[in-house]
Amino acid sequence: MDLLAEAGGLKLWMDDSWSVSFFSSPYVGHRLLSAVDIYQGADFGEEAFSPVSGVVHKIMRFDSPSPGGGSLPEYLILIGKNHSLARIMHVEPSVSEGELVRVGEPIGIFIKNGFFSYWVDAGMHVEVRKKTSIMRSTGGLELKPAPALTETNGYSDESVSLKGRVMRSTERNTVVELNHENNVKVGDKICRVDGTTSLDYCGLLGAYDLGSVVYFNGIELGKVKHKGSYMSLVENNPLIVYVDGTRFRGLSFGLGCERIKLLPPHYPGPVYERDSMLDVVIENEG
Amino acid sequence: MKVDEFMFPNELKYMKGHMWVSLEGKKALLGLTSLGASLSKEIVHIDLPLEDEVFEALEPLASFETIKSVTEVNSPFRCRVLKTNQLLLDKPSLLNKDPYARGWIAQIEALDEIPQDELMNVGEAVKYYKQILSAERDKYKGIYE
């Protein structure tokens, strides 16, 4: 297991086959630099593994948002040591309060509910909390991402026609390996980008000055609007994404696996054959 | 009137953002619609404004939280806060359980003539929220199947 992030003396870990995102979500914990989504390559209904070691402090059940016709359950699983707890969502627990859990051990199964949109894969939402602040959506401690996640592998100044090799494709989304690094240019610096073009914001790994312009493959993604201690928020420009000529909802940059996720305009989206090549075009709207 | 299972009382006005407004002269009571309450299940906290606080039109005057989301409550017009529902501080779940009665959020007073452009009557609201509900259900496709 590799270090993913830490806060309040608590360390979160990830396997090298998992992908993670601090910013590909509209929810407030991500906007406050205090949440990370972890995708373990499993589908809904499959086993979820702990990113943290500690004792299961508390398990709580809630109803999730619903557009009518009943509501699906959501859970908070709080695992930790001393005064800090990992607050894990989107997993139906198989562990019990008081149980000792180690990193990588199963803690339940991935669930879907009203906190998910159709393009979102099975994954857990994780924050670090003080024991006195567990219920509200705000109150997460600022996460410090592991140095390995912030390392970049270069940036080509010359814009290229983007092409993606399909690695995995479902009715929810398609993951491609792009012929361009998942890096952006901020002023004269290069850094990792994380987030989704269809949201009003994305994030950078690293603290960058307010107003700095962020470029990906020659396209202006937006400007830095908030500088945290270890990460920054970018106000996204409105962007349009086309995949093989079809307008998509957007694309997500991820961390961990060097891949990009294409979000179809509706459910079910097109399913592509593995290793097929897709043209990806990103344009500024208007 | 109803949008599917969600009630929209005829006598109220409505704003975009799932809020209802009950007008009486220059005074108004604000609250969350039943559709809004369903899209924010299990509200666990609310921040209320102070009495006499003044807000511009569409400025956030309160906010509430579920375990994962924060929603702002915008002022429908330039106003002064007369009273807030202190019951919600201990029982924010009233916003979900009784959104049109015990779950009211604030009583406000308009500081100018009440502009009608941000307020929908029930017929307009039902038409608008039918579209919103349809978009929400599109977003959730594949989740409830």
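Into which domains is chain A divided? Hello everyone, let's start there. Chain A splits into domain 1, residues 2-147, and domain 2, residues 151-284. Please keep in mind that we are looking at a predicted model.

So how far apart are the C-alpha centres of those two domains? For domain 1 and domain 2 of chain A, the answer is 24 Å. The two domains also touch, and their contact takes 17 residues from domain 1 of chain A and 24 residues from domain 2 of chain A. Let's look at the domain 1 side of that contact. Two elements of chain A give two or more residues to it, namely β3 (19-21) and β13 (144-145). Of these, β3(A) gives the most, with three residues. By type, the domain 1 side divides into 10 nonpolar, three polar and four charged residues.

Now let's go inside. The largest nonpolar core has 79 residues, and V36(A), A86(A) and L204(A) have the most contacts within it. This core draws at least three residues from each of the two domains of chain A, domain 1 (2-147) and domain 2 (151-284). If you would like a general idea to take home, nonpolar side chains in soluble globular proteins tend to be buried together.

Let's pick A86(A) and ask which residues it is in contact with, leaving aside neighbours within four places in sequence. The list is L10(A), L12(A), V52(A), I79(A), G80(A), V126(A) and V128(A). Apart from the largest core there is another one, of 36 residues, and its members include A62(B), F77(B), L94(B) and A125(B).

That brings us to chain B and its sheet. In what order do the six strands of this open sheet come? Reading across, we have β3-β4-β5-β11-β10-β7 of chain B, with antiparallel pairing. At the edges sit β3 (13-15) and β7 (54-55) of chain B, each of which pairs on one side only.

Have a look at β11(B), residues 106-110. Four bridges join it to β5(B), residues 27-32, and the two run antiparallel. Across that pairing, L30(B) stands opposite A106(B). Strand β10(B), residues 79-84, is also antiparallel to β11(B), and five bridges join them. Here V81(B) stands opposite I108(B).

How do the two chains meet? Their contact takes 25 residues from chain B and 29 residues from chain A. On the chain B side, α1 (34-39) and α4 (122-139) each supply at least two residues. The largest share, five residues, comes from α4(B). That side of chain B holds eight nonpolar, six polar and 11 charged residues.

One last stop is S93(B), in the loop between α2 (87-90) and α3 (94-97) of chain B. Why does S93(B) count as partly exposed? Because it has 15 C-beta neighbours inside 10 Å, and a residue needs 20 or more to be buried, or 12 or fewer to be exposed. Finally, S93(B) and K141(B) are 48 residues apart in sequence, and their C-alpha atoms are 27 Å apart in space. Thanks for listening!

Definitions and conventions. Residues numbered from 1 in each chain as written. Chains lettered and ligands numbered in written order. Predicted model: local features only at pLDDT ≥ 70, side-chain atom pairs only at ≥ 80, totals over all residues. Contact = placed C-beta atoms within 7 Å. Nonpolar A, V, L, I, M, F, W, Y, C, P; charged D, E, K, R; others polar. Pairing = 2+ DSSP bridges. Core = buried A, V, L, I, M, F, W, Y, C linked by C-beta atoms within 7 Å. Domains from an automatic or database assignment.
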